[in-house]
Amino acid sequence: MDIPQERKIVTEIPGPRTKEWIERRTSAVPSGVANLMPLVTERSSGAIVEDVDGNRFIDLATGIAVLNVGHTSPYVVDAIVRQAERETHTCFSVTMNEPYIELAEQLNRLIPIEGGDPKTFFMNSGAEAVENAVKVSRQHTRRDAVVVFDHAFHGRTLLTMSMTAKVMPYKRGFGPFASEIYRLPFAYPYRPIGGTATPEEVTSRTAAYAIDQMTKHIGTDNIACLVVEPIQGEGGFVVPSPGYLPTLREFCAQHGIVFVADEIQTGFGRTGDWFAVQHEGVEPDVMTTAKALGGGMPISAITGRPEIMDAAHVGGLGSTYGGNPVAAVAGLGVIEQIGSENLVQRSRELGATAMDKLRELETAHEVIGEVRGRGMMLAIELVADRSTKEPLDKAICARITDACMQQGVLVLRAGTYDNVIRLLPPLVIDEGLLLEGLDVLGEAIGAATA
């Protein structure tokens with residue numbers, strides 16, 4: 001790694017060179033494109049991001065779960081360089097290329113799909129993957145309706161924005177939205193429907209309500225697919241109560257509904273397994289992946305049962321850049337590194353260490369209502385009052401993330417109420433660096449809520 005794996009702040013944040021770049025950005029880039037932090041990065045390596053002023057930050061955000069294998073992974077960079085010297089692009093719909101086929105074969109072996117022998121095709125982004133999962137589901141079933149969930153995030157295109165739950169900032173002013181989208185409650189243990197309940201009660205209540213709605217108000221014969229995040233990402237890293245996903249999976253199988261697992265944020269070792277559905281033994285009909293798949297390169301995948309994936313007519317699926325050979329070899333590098341360095345197991349081990357630290361913070365700070373997550377996909381939900389679970393004011397939550405940044409640690413917020421601090425460290429991070437970042441987070445929570 002060509003950058004020392006240590007936190008270092010040498011200027012005010014933002015620094016003088018960063019401020020110059022921010023002025024140029026303001027003139028050149030629309031204001032609607034968000035910048036969550038006033039930073040302009042120059043280089044990154046492992047778990048460290050360095051800005052143009054020479055400040056170094058512990059990255060607990062990883063470009064929103066993209067860099068599971070770390071910044072500028074040698075596996076990924078070397079593969080990109082070799083491929084770029086050979087060929088930078090072919091449109092797979094015109095002439096095929098080897099990396100596309102090789103990566104499809106790798107994903108077909110890795111991804112647990114109901115019935116086995118899956119097929120894969122590629123797009124460029126998570127939203128495109130979800131859109132195409134819906135397309136193949138509709139072709140296969142000859143039905144129209146799509147079932148999604150409260151707190152869900154599936155993308156920013158017209159269809160996926162319609163499937164996304166949160167209005168601000170994702171949907172406000174961008175309607176009218178796509179039709180035949182139906183939203184059901186998610187089994188959110190900390191905020192269950194019907195009030196306080198045990199995890200088992202959360203599952204039974206929420207599943208019964210969802211099944212009743214699908215049966216009586218949508219009609220099972222109308223539903224093409226049910227699309228669910230095994231752990232909700234933008235919604236606040238909500239881990240569903242045990243048994244909820246298997247119950248939905250069984251219902252879909254009984255009624256010919258395509259069960260789509262959106263693993264765009266949860267995939268490739270993030271949760272302590274290759275894919276989050278594996279924690280409950282669920283095998284979907286279709287899975288969407290992106291983010292960590294490319295190790296920083298834009299690529300997404302749709303993997304599913306062959307009869308579903310082959311339902312579309314020839315030419316009905318495709319993309320100019322989907323499965324670009326440079327992006328595809330990056331994906332091959334990611335899979336090789338996760339396997340060679342046993343990063344799935346490392347995710348479990350580091351996640352357990354981090355969870356112990358977060359539970360210490362929970363004891364120390366009354367504003368922490370819950371800590372949750374799996375593997376290295378962890379979160380703390382902040383509340384104004386533990387008894388009422390009233391979400392903490394999002395301005396205070398913003399002060400916490402800003403205070404972390406000022407001290408050289410990058411963390412992100414999430415959640416319907418913007419009151420969740422989410423943690424997505426690279427799976428290659430040194431344990432000491434991880435704990436140092438969490439210490440800074442604890443200090444920031446104390447300072448912002450004193």
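Two strands count as paired when DSSP finds at least two bridges between them. On that basis, this predicted model has an open sheet of 7 strands with mixed pairing. Below is a quick tour of that sheet, the helices lying on it, and a few backbone oddities worth a look on screen.

**The sheet**
- Going across, the strand order is β4-β10-β9-β8-β7-β5-β6.
- β4 (119-123) and β6 sit at the edges with a single partner strand each, so one side of each has no neighbour in the sheet.
- On average, neighbouring strands are turned by 20 degrees against each other, ignoring direction.
- For a look at one pairing, try β8 (residues 258-262) and β9 (residues 286-289): they run parallel and are joined by 3 bridges.
- Ala261 is the residue standing opposite Met287 in β9.

**Helices across the sheet**
- Helix α7 (residues 199-218) lies across β5 (145-149), β6 and β7 (223-228), and it runs at about 150 degrees to β6.
- Helix α8 (residues 244-255) lies across β5, β7 and β8, at about 145 degrees to β8.

**Helix α5**
- α5 covers residues 126-141, and at 1.5 Å a residue its 16 residues should span 22 Å; the end C-alpha atoms are 23 Å apart, so expectation and model agree.
- Plenty of α5 is tucked away: the buried residues are Gly126, Ala127, Ala129, Val130, Asn132, Ala133, Val134, Val136, Ser137 and Thr141.
- An α-helix has 3.6 residues a turn, so residues three or four places apart point the same way.
- Right after α5 comes Arg142, with a positive phi near 60 degrees.

**Other positive phi values**
- Thr62 isn't a glycine, yet its phi is positive, at about 50 degrees.
- You'll find Thr62 in helix α2 (residues 62-65), and it counts as buried because its relative accessibility is 0%, with the cut-off at under 20%.
- Asn342, also not a glycine, has a positive phi of about 50 degrees.
- Asn342 is in the loop between α10 (325-340) and α11 (343-364), and its 45% relative accessibility is why it counts as partly exposed, a class that runs between the 20% and 50% cut-offs.

**Cis peptide bonds**
- The bond from Met168 to Pro169 is cis, with omega near 10 degrees.
- Pro169 belongs to the loop between α6 (158-163) and β6 (181-184).
- Gly175 and Pro176 are joined by a cis peptide bond too, with omega about 0 degrees.
- Pro176 is likewise in the loop between α6 and β6.

Terms used:
Residues are numbered from 1 along each chain as its sequence is written. This is a predicted model: local features need pLDDT of at least 70, side-chain atom pairs count only at pLDDT 80 or more; totals for chains, interfaces and linings use all residues. Side-chain values use heavy atoms; hydrogens and water are left out. Helices (H or I, at least four residues) and strands (E, at least two) are DSSP runs, numbered from the N terminus. The expected span of a helix is 1.5 Å times one less than its number of residues. Buried means under 20% relative accessible area, exposed over 50%, partly exposed in between (1.4 Å probe, protein chains only). Axes are lines fitted to C-alpha atoms, for helices over the stretch in contact, and angles run from 0 to 180 degrees between N-to-C directions. Contact means heavy atoms within 4.5 Å.
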